[in-house]
Amino acid sequence: MKTSTVRLFNRSGLHARPAARFVQTASMFRSRIEVCKSDRCVSAKNILQVLTLGVDFGDVILLKIDGEDEELAHDTLLNLLTKILPEEDK
Amino acid sequence: MKIYRGIPVSPGIVISRGMKYRRLSVLELVKDECTVSDPDIEVFNLNKALEKAIQKLNSTKFYTQKDIVDVLELMLRSIVDEAINLIKEYNLCASLAIKEIYEKYSMSLRNSTSQLFALREEDIRAISELLIETLISRETEIAQYVNRVIICDEISITEFLESIKQGVKGLVTKKGGINSHVAIVARSSNIPYVIVPALNLDDLSQNPYIVIDGLNGLVIIDPGDDDLKRYIDIAENYQKTISEISIYARERALTTDGYLVEVLCNVGDLEEARIASTTGCEGIGLFRVEFLYMQHELPSVNKLHESFSKVAEFFSNKPVVIRAPDIGGDKPIPYLASQVREDNPFMGLRGVRLLLEYRNEVFKPFIKAFLSAYRKHSNLQLLLPMVSRVSEIDESIELIHELGRELSVDVSNLRIGIMVEVPSIALLVDKVSESGNVKFVSFGTNDLTQYILAVDRANPRVSYIYDDLDTSVLRILKTSMETASRLGLKVEVCGELASNQLAVPILLSFNTSALSVNRTMIGVIKYTISRIHLEEFKNNILPSILSTRNGSEVRELVKSYMLSKDIKLLSSY
């Protein structure tokens, strides 16, 4: 089980397009992946649930990853959230 | 002819026939009780409808933004997955299953604190409707509205995508958001779009002749010959002109004789701030917070603090001016219980007067929230609304210092400014500068013009008198601005006048250092500044302007100057 805290710096937070990228990426892995904001946790592989989490620019989220490919999943998702999405949003 | 002023969402000019469109929501047609005897067949039908819906969406991809269609597809599959579980467990009809899932998500999204997520509710509604329509094999009527401007109360993203495929030319809606998917797609597809909250479909004929000016947010129904000619002229070279002008948006604005002008943006809520931060605004000259006070109760200090911090972050390292709430008067606040109905709200309890009257309920919480945000974001500046007397400034500053001590926030470098919109304070700027606490003045030319000409621009019987380029207004601006700048106060303009190309050289001649404009006008205003020779204008044109009799004469003079400098006029004036 790997957990990580991430602060979102892409301008539009995790809405629509960035959320879609996040969900598509998470769905590639076999591990169980959850994303949490404050006390709410949802499955990172379900777009509707991720959208209702309401993650916006500047919010802090917690990633919980559990499974055989958790290392790879963790690194890939972190890279997406902290490097790729903020770049694309410019 | 009728002119509607609305919110510019996507720039461009369209001159065309409009088509009224009234949508019927299929969600309303779904019965609340509906079960099936064979859930497996129902699941099969739902999957078929899913594939058909996806195919329909994909057919629009060629014409517009691929990623939005991808998101909608993801959402479609997700909602069908959940629906299938409901069908199997409760033997529900597919339509009802979809409706229930829509309502579940709609509820949580609608209550979201962020406007951005509330807009996602529209997406989920759009795909739910698309699925149900496909299930009951019902075509939407959009397919017939080709090559026209669509006029409606609201439009879903799926309908809009379909209409683009059919060649829609422009869009006018009563409801909508500037960051909705419809708005994003309209901008990326160069389809002019204006939101007109005052729109009433019943007032319009079925196919009115219509002009949309997406840059200035104007919609003209059955235009007269003058307007038509003007817009036909602009429309001809529009695309070319707009691409020339857009280059200026991200550059600094320098007159030909080297005067640097700061060009900032006015924004009215977080979503506007979000977009503005990507368009070349050098900061926010006016952040209007009234939207936070238009709920059924006062906003909490926390909510205010969050909003201020967010805006400050969107524009990190750039100035962000937050205006204390200008509520009351013609913007009544229902929960301030002791509000008596005023006969003359324009001249009543509003602005800083109201803030001082309700200092414990409204002003202090606002200042606390502001100072907490300022502690982390030193780019924030504070602006006082509707100041009419110097004593109001002194009292407000005292409160700010008092709360600064209480919260241990160092306010010695905090830039505090006042709105100059009441003539009294315009004529007393020398007294304003004496205390040394005020660092800048921001001219609210809309209200200033109303007070000077004693006219309510919203009153159709006299609105023709309203003119912010009137000679009387210019004379007061000259006196006030020149005195202010002479005494070291920074002069900014945040009223509509700042977004008027004809006003630019005049304001600059009066020592304005910063213009705060509508975000759609950034490029146009910077382009204008870069082609003006300020000294030449001041010496040769300005003297005649100050001895004209009214705004029309002013316009004639400036227009010839603009023509001589080959400056194309795109803003409304």
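This briefing covers one helix crossing and the aromatic pairs of chain B in a predicted model. Local features need pLDDT of at least 70 and side-chain atom pairs count only at pLDDT 80 or more, while totals for chains, interfaces and linings use all residues. Side-chain values use heavy atoms, with hydrogens and water left out.

**Helix crossing**

- The axes (lines fitted to C-alpha atoms over the stretch in contact) of helix H2 (residues 66–90) and helix H3 (residues 94–110), both of chain B, come within 9 Å and cross at roughly 120°, which makes H2(B) oblique to H3(B), the class left for angles outside under 35 degrees (roughly parallel), over 145 (roughly antiparallel) and 65 to 115 (roughly perpendicular).
- In the contact (heavy atoms within 4.5 Å), residues of H2(B) including Ile79(B), Leu86(B) and Ile87(B) meet residues of H3(B), among them Ile98(B), Ile101(B) and Tyr105(B).
- The residues of this contact divide into nine nonpolar, no polar and three charged.

**Aromatic pairs**

- Over all chains, the structure holds nine aromatic pairs (ring centres within 6.5 Å; planes under 30 degrees apart are stacked, over 60 edge-to-face and the rest tilted).
- Tyr248(B) and Tyr527(B) have ring centres 5.5 Å apart and planes at 70°, so the pair is edge-to-face.
- Tyr248(B) is partly exposed, with a relative accessible area of 28%, whereas Tyr527(B) is buried at 1% (buried is under 20%, exposed over 50%, partly exposed in between, with a 1.4 Å probe and protein chains only).
- Phe366(B) and Phe370(B), both buried, form a stacked pair, 6.5 Å centre to centre with 25° between the planes.
- Ring pairs link Phe308(B), Phe366(B), Phe370(B) and Tyr374(B) into a cluster.

Key. Residues are numbered from 1 along each chain as its sequence is written. Chains are lettered from A and ligands numbered from 1 in the order in which they are written. Axes are lines fitted to C-alpha atoms, for helices over the stretch in contact, and angles run from 0 to 180 degrees between N-to-C directions. Helices (H or I, at least four residues) and strands (E, at least two) are DSSP runs, numbered from the N terminus. Ala, Val, Leu, Ile, Met, Phe, Trp, Tyr, Cys and Pro count as nonpolar, Asp, Glu, Lys and Arg as charged, and the others, Gly among them, as polar. Rings of Phe, Tyr and Trp (its six-membered ring) pair if their centres lie within 6.5 Å; planes under 30 degrees apart count as stacked, over 60 as edge-to-face and the rest as tilted.
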